[in-house]
Amino acid sequence: MKLIVAVVKPFMVAKVKDALQEAGVVGMTVSEAHGYGRQRGHTEVYRGGEYDVEFVPKARLEIMVGDERADELVSLIVETARTGTIGDGKVWVMPLATTVRVRTGERGADAL
Amino acid sequence: MTIAATWNTSDTLWVLLGAALVLFMTPGLALFYGGMVRAKNVLSIMMNNFIAIGVITVLFVALGGSLIFDVDLGGGLLGGLHLAGLSGLSEALPGLSWVGADPMAVMVFQMMFAIITAALISGGTADRIKFPAFIALIALWFLLVYVPLAHWVFSPNGWLAHLGVLDFAGGTVVEINSGFSTLAVVLVLGKRRGWPGEAMAPHSVPLSLLGAGILWFGWFGFNAGSSLGVNHVAVVAFTNTQLAAATGLLGWVVFEKFREKFPTTLGAASGAVAGMVAITPCAGFVSPLAALGIGLAAGLLCAVAVRAKFRFGYDDSLDVLGVHGVGGLLGMFALGLFATKSVNAAGGEGLLVGGGTHLFLLEVLAAATTAVFAFTVTYVIAKALDLTMGLRVSQEAEYTGLDLSEHAESAYSHGGSGRLG
């Protein structure tokens, strides 16, 4: 099992969700996140005073999948969330030791 | 008290309506200021505004109103105490026998001016003043600074009014006074910890915009109500308020567009306020064309002035000096230039209208007197309070935020760490 984590631009969330749903992914977790990469932050100006906003708002998606689907879904996320401009985000994959469905107590692949 | 005289009903209604509008400016100011501070201090500054309504109302009724409007005690310096407790109001106020409105309406109208002027100071002291210290500050300041100034200018028996100084709705008493009093307090109080290096950006510009809108709405009562009657001067003051607010808004935004590329929402709100500050002394004395120009000049000048604090290093958090002090000075000077009797026969003729230097010099004298008096006396008050009760919150309170440290409340309780739902 793998955990796919994707940090994308907030307005891309709906599009990525639709694409994953269509590909048969049945669940995900989305949270608001803040961070920066190569794009760095941005500057805001209030009454002439400049304020550096170092952490930019992002959306963080987490999806648990079987090993065999990980590469395919990562590619799908990357293609869907890409605008080609700086700040599009990052996707990474981590091995998942176990999962448990709280309602039934099922474990491992059965709980995906 | 017997109802001895019958006052003009429409004038009385006008002044009461004006009083309600001016009162509404204080919660408007709370929103304007509240949006500009960080989320941890929004209730604190709003409470500073709101508490002024309570404190100043009581002090105005008990003493202040009488010291301002009662028969002069000598030299045009201060009124007496015959009107304390709002007694003795069955006759016209001394020197204001031409006013058709009920004297109690005039007193309550003037009470609202004192409230908002006190509330304005909180814009400078934001994020770091102890709540009890703010109350003590505005109470002493009202009695020792506002009351004498208001007597000098608003009572026809005051020495500045007697000299012939014009000030329609408080360019001196409200605007220059609040600006320079605030400067004095913040010099004693010191900078916010971390300012100007740390980001202290506004937490909700929409609140500020709404607040500016309420100030704008209330300012019609402030300026047009200052005619103290339903007449052509009131209509001119009303119109000029709208014109100067509009061009102030445009001036500030245009300045930003050329200076920083982006015209900001907060700049638009600030510009409208700056325009209305500058037109305040002029409202019933200048032509609509002059009002357009005065507003525009205020928008441009105040947009520059709010940057001065970064250069000189005084932490006037929300720019009371830059907007009200500088805008008020501009308004008084402009009145000396553009006043015309074609608008108001009881007014004067400015330098550019062919009236010579007489009025202009009087306006400069009143503006300078107000700035120096307000700064000096307020500085002494602030220093005395700092040495006795202490003005500033602790370092920890300043870090945590004054909403929690001074009021045990949080403005926004949804989400956030340590709390779900």
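A residue counts as buried if 20 or more other C-beta atoms lie within 10 Å of its own, and as exposed if 12 or fewer do. The model used in these exercises is predicted.

**Exercise 1.** Decide whether A:E72 is buried or exposed.

Solution. Start with the location: A:E72 belongs to helix α2 of chain A, residues 70–81. Next, count neighbours: A:E72 has 10 C-beta neighbours inside 10 Å, so this residue is exposed. Finally, place A:E72 relative to another residue of the chain: A:E50 is 22 residues away along the chain, and the two C-alpha atoms are 44 Å apart.

**Exercise 2.** Find which residues of α2(A) are buried and which exposed residues sit on the face turned away from them.

Solution. The buried residues are A:L73, A:I77 and A:A81. These three lie on the same side of α2(A), because they cover an arc of only 55° around the axis. The face turned away from that buried side carries A:D71, A:E72, A:S75 and A:E79, which are exposed. As for partners, the buried residues pack against four elements of chain A: β1 (2–8), α1 (13–22), β5 (56–65) and β6 (89–95).

**Exercise 3.** Check the span of α2(A) against the value expected at 1.5 Å a residue.

Solution. The helix has twelve residues, which should span 16 Å. The expected span is 1.5 Å times one less than the number of residues. The end C-alpha atoms are 16 Å apart, so the two values agree.

**Exercise 4.** Describe how α1(A) and α2(A) cross.

Solution. Two packed helices are described by the angle between their axes and the distance between the axes. Here the axes come within 9 Å and cross at roughly 145°. The crossing of α1(A) and α2(A) is right-handed. On the α1(A) side the contact is made by A:K15, A:V16, A:A19 and A:L20, and on the α2(A) side by A:L73, A:L76, A:I77, A:T80 and A:A81. By class, this contact has seven nonpolar residues, one polar and one charged.

**Exercise 5.** Do the equivalent for α9(B), residues 232–260, and α11(B), residues 288–305.

Solution. The axes of these helices come within 7 Å and cross at roughly 35°. The crossing of α9(B) and α11(B) is right-handed. Their contact holds 17 nonpolar, seven polar and one charged residues.

**Exercise 6.** State how many residues each chain gives to the contact between chains A and B.

Solution. Chain B gives 13 residues and chain A gives eight. On the chain B side, helix α10 (residues 265–279) gives the most, with three residues. That side of chain B divides into seven nonpolar, three polar and three charged residues.

Definitions and conventions: Residues are numbered from 1 along each chain as its sequence is written. Chains are lettered from A and ligands numbered from 1 in the order in which they are written. This is a predicted model: local features need pLDDT of at least 70, side-chain atom pairs count only at pLDDT 80 or more; totals for chains, interfaces and linings use all residues. Two residues are in contact if their C-beta atoms, placed from the backbone, lie within 7 Å. Helices (H or I, at least four residues) and strands (E, at least two) are DSSP runs, numbered from the N terminus. Ala, Val, Leu, Ile, Met, Phe, Trp, Tyr, Cys and Pro count as nonpolar, Asp, Glu, Lys and Arg as charged, and the others, Gly among them, as polar. The arc is that of the directions from the helix axis to the C-beta atoms. Axes are lines fitted to C-alpha atoms, for helices over the stretch in contact, and angles run from 0 to 180 degrees between N-to-C directions. A crossing is left-handed if the near helix is turned anticlockwise from the far one by less than a right angle, and right-handed if clockwise.
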